[in-house]
Amino acid sequence: MRPLKLSMTAFGPYAGTQVLDFTELGARSLFLIHGPTGSGKTSILDAICFALYGDTSGAERDGKQMRSDYAELSLVTEVFLEFALGREVYRVRRYPEQIRPKRRGAGTTTLQADAALWKRTGLIGDSEEGTVLETGWNRVTQAVEQLLGFRSSQFRQVVMLPQGQFRRLIMADSRERQDILEMLFHTELYRRIEEVLKSAAKELREHIEEVRGKTKWILQEARVENRAQLDERFEAHRKALEIASGAVDGARQAQEKAREALEAGKQTRHKLNEKAEAEAALRELELRTPEIEAGNHELVLARQAAALNDAEHSLRSYREEAARAETYLVSAESELERARIAWEHADRRLRTETEREDEREEARRMVDHLDGLSEKVGVLVEAQGELKRIEQEVAGAALRFDAAQSALAALQAVIGEKAREREECRQQAAMVGLLEREYKEAERVSRKRQDLQGIRREWTDIVKTCQAAEQAFRQSEEAYCAVRNALTTLQEAWNHGQAAILAARLTQGRPCPVCGSREHPAPATSGSSLPSAEELENQQQKVSTLEAARDLARENLSLLATNRSTLESRIQALEDELGEKAQDDPAHLEKAAREAVTRWSQAVQSSKILVTLTTEVNRLQRQEEEGRQQLEAQQQELLALRAALEAARAVVKERESAVPDELRESGALQKAREVARQRLNGLVGALETARAEAEQAAQSRIRAETVAVGARRSLAAARERAAQEEEAFKVRLNTVGFRDMAEYEQARRGPAEIDALVQKIEEFRESLRAARDRCKRANEAVKGLSDPDLEQLTLDLEQAENIWQEAVTRQVNIQSEIRREVDWLQALGELGEILKSQEDRYAVLGELSDVANGKNAYGLTFQRFVLGALLDDVTVAATERLKVMSRGRYHLHRTMERARRNAAGGLELEVFDTYTGVARPVATLSGGESFLASLSLALGLADVVQAYAGGVHIDTIFVDEGFGTLDPETLDFAMRALVDLQHGGRLVGIISHVPELKDRIDARLEVRPTDRGSIAAFRM
């Protein structure tokens, strides 16, 4: 970073606007900032730091404290810094929070802090600001940190050595020095490698523990201690399965024999039941014989009646023919009456139309009269058309004139409205910065309040969970203690019982297997029942299970308590940060944030609209002038057309005098002619129509009379044929055997009914025959059979099935155990292979992770190893300058020793004293010596960073005091080292009161105090 121009307004001792153009130095790279004590020399460095990071060079004052006491209240405290970074040029502006007079009314208001960053590469002069890269206090600081590669504290250690703090870089510990070097040399990759190795080793270690846990869980589930026990149990179950399979086969054979005996009994019982059912069915059919005989008689009569169907059909046809003839006669007579009435009506209408000859003649004369007026009306219509055309043109011109007037008035109104909008946008655009700070603060407070509310809810839930977990732990502890006490009781009883068992086997005269005595005066006895080994094992298993449950409950309770404590700390931190707003409604704060964003968005939009509105107002004003000119042209046209209108009206009035009033309008004559012709044509047509209708009615009457005569004759003939056919049917009825028509109607059946009777009789006869055959077969089938005891046979089968089911259950249980054991054995084998593979891999990866993450004698991580190599280069470059400044006495070295056992290592510094031949810590240097070491280290660091491709550009170094601690000879050597920097093009600024520096440095930035603040200027 190399400063180009610095502008300070109402900042520190500078009451007005103080501009410092560093380009005035030209080729000079070393300059002195000179002036009386308190004049404002350090304030120049403060301004540079403030513009970049928002704090001062010494980090002892914030921006709000830097407002000038000499400045007028109307001036805004702000700092502009234009700087170069390699080939790129940037400008940053920043102003702190400050009190400002209100825009309207009396009083003051608070102007919130704000900042902006521009890129100005290639721009000349201050007319263009350049491209905006970032706005907002924190976002600009972050952007500057990314551009320069430094945070504020690191900038003050490497680039700017503030008054009283120039020893910070040389005295920094390994951790602080690591942060600086990491940002300068971009060694984040090596730190990420450390993290990746650590994460991979941790993940692999967790996976190994997980595999071990799965193996332990499988052994616990199988209730064995190791795989050998599981193999033994598996072999025992396999042999038991062979025995169980043999038992299942024997039980299955006994079951089949019992099932066959039961099936034979059921067959015998079925044959006996069949005999009884066949006999009952035969008796039921024999009872229906009279019913079938009656149906046979009904069938005979129905077949006799069916022989007369053709005669009955012929009689019915003749009767229907006579009825149709009678109906036709009634219709013919009705049609004759309608024809006679229609003829009389048509004759009367013909006489009426013949008597209207006078009307027809009058209509002919009216048509001739109207035809004569046609030419006169045509001339009048032409004049009226011309008049109408001119009237339309006048109306159009008037509308255009009115429209032009309205458009001009509307345009003037729009211009006024746009001007007002432009003024409003200008006022709103001026508030963008203030509103942005307000909405960001409101969003931050709202977000923090929502976080606080969420954490409070989470804390409430975890408190309840803690209470439940505590209760669960107490219950598990009580259950564990109870079962453990029961186990102790069983163990004691078992131990006593073993002694009683051994005593029961003693024989008088034979030695005791325990003590060897042949006499047994008081053998042990058991006063209670002896627990079995299985009961003891089960009780031990319960104790282990409940102990594991208790430990799990304790761990869960401890984890929940830790989480609760963490939440309480977070709640306290947020409440402290929010202050009084910690109790505000989150919805109210969120609403306020949204409203603040809306106000800021409106202001930003207004700033964008302002340019558009200005252009729009200028364009509308040009349109206003054009509208005035167009309005004058429209007015001249309207006056000319009104004169032509008066002349056309006079011509129309003259021609109207020759045409009746009712025929003057366009189309009136034509309409009257059409009406007259229609009337004439109507009268003539009515006469012709009446004549035609009279002739047609007379013909219709004659045809109707002829039809009526024929219908009377047809009716007489049809009645005669029907009477003859009825007599012939009676004769055939008596011949067949029916006494009268009623007896015939009673016996008559339809074809479907006859077929049903036939089928019913035939089915009965067939069913009777089949029943007799079935009864015969059933009697033959039961010869020699007796009724079986089905209940006993069923009980025998159930007993055999139960025995088989029990055998199958034993077999299935053993198979299930074997399958589970096979699964366990297979899982244990797979987990064993996985565990071996992962342990072999962890032996390598874990070692790499430990080495890379500093688990070694030096506490040296992989990144600090790389940084140590870079720091070696820095110390070499720094030593070259320190040897000159110290007359060859001091050399800087990196040491592997750590200040504390748990401190990071590899980046500590020491100084080698050639006078004593002993290396010692840099903290043992005197004030002047540490100043030279710090200056040498800063210059060496700048050299090495510049040498590495992609490094940060350290083009400038500022030193605030420290030279006063040097003796004249040492000062001379230090100056030689600084002068040598001019050859490398690096800018070095020095603040000092040492007179020798003023004499030896020709480029000076002189700061001069006045009674109204300080002023500064370059002097060459």
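# Notebook: a hairpin, some rings and a pocket

**Entry 1, the hairpin.** I began with E12 and E13, which form a hairpin with four residues between them. In the turn I found Gly917, whose phi is positive at about 70°. A reminder to myself before going on: this is a predicted model.

I then looked up how the two strands meet. E12 and E13 (residues 918-921) pair in the antiparallel sense, over four bridges. Asp913 stands opposite Val918 in E13.

**Entry 2, the other partner of E12.** What does E12 pair with besides E13? I followed E12 to E11 (residues 890-895), and these two also run in the antiparallel sense, over six bridges. Here I noted Thr895 opposite Glu908 in E12.

Is E12 mostly covered or mostly exposed? Strand E12 spans residues 908-913, and five of its six residues are buried. I kept in mind that side chains in a regular strand alternate between the two faces of the sheet.

**Entry 3, aromatic pairs.** Next I turned to the rings, and the count came to seven aromatic pairs. I wrote down two of them in full.

The pair of Phe11 and Phe50 has ring centres 5.7 Å apart and planes at 40°. Why do I call this pair tilted? An angle under 30 degrees would count as stacked and one over 60 as edge-to-face, so with planes at 40° the pair is tilted. Phe11 sits in strand E1 (residues 2-11) and Phe50 in helix H1 (residues 41-53), so I logged this as a link between distant parts of the chain, 39 residues apart. Both Phe11 and Phe50 are buried.

Tyr190 and Phe862 make the other pair I recorded, with 5.5 Å from centre to centre and 90° between the planes, which is edge-to-face. Tyr190 belongs to helix H6 and Phe862 to helix H19 (residues 862-885), so this pair ties together parts that are 672 residues apart in sequence.

How accessible are Tyr190 and Phe862? Tyr190 has a relative accessible area of 27%, so I list Tyr190 as partly exposed. Phe862 is at 29%, and counts as partly exposed too. The cut-offs I used are under 20% for buried and over 50% for exposed.

**Entry 4, a cluster and a charge.** I went back to Phe11 and Phe50 and found that they form one aromatic cluster with Trp137. Trp137 also has a charged neighbour: Arg94 lies over the face of its ring, 4.7 Å from the ring centre.

**Entry 5, the largest pocket.** I looked up the space in the largest pocket, which is about 630 Å³. Its lining has 16 residues. Which of them lie nearest the centre? They are Gln220, Arg223, Val224, Gln541 and Ser544.

Helix H6 (188-222) and helix H13 (533-578) are the elements that give two or more residues to this lining. H13 gives the largest share, eight residues. Sorted by class, I have three nonpolar, seven polar and six charged residues in the lining. I was pleased to meet H6 again here, having noted Tyr190 in the same helix.

**Entry 6, Arg444.** My last stop was Arg444, in helix H12 (residues 432-504). Its relative accessible area is 25%, so I list Arg444 as partly exposed. I also checked Arg444 against Leu578: they are 134 residues apart in sequence, and their C-alpha atoms are 9.7 Å apart in space.

Key:
Residues numbered from 1 in each chain as written. Predicted model: local features only at pLDDT ≥ 70, side-chain atom pairs only at ≥ 80, totals over all residues. Heavy atoms only, no water. 1 Å grid on protein atoms, 1.4 Å probe; cavity = no way out; pocket = protein on both sides within 12 Å on 5 of 7 lines; lining within 4 Å. Points joined across faces, edges and corners; volume = space filled by probe spheres on them. Nonpolar A, V, L, I, M, F, W, Y, C, P; charged D, E, K, R; others polar. Buried < 20%, exposed > 50% of the residue type's maximum accessible area, 1.4 Å probe, protein only. Pairing = 2+ DSSP bridges. Phe/Tyr/Trp six-rings, centres within 6.5 Å; stacked < 30°, edge-to-face > 60°. Lys NZ or Arg CZ within 6 Å of the ring centre and 35° of its normal.
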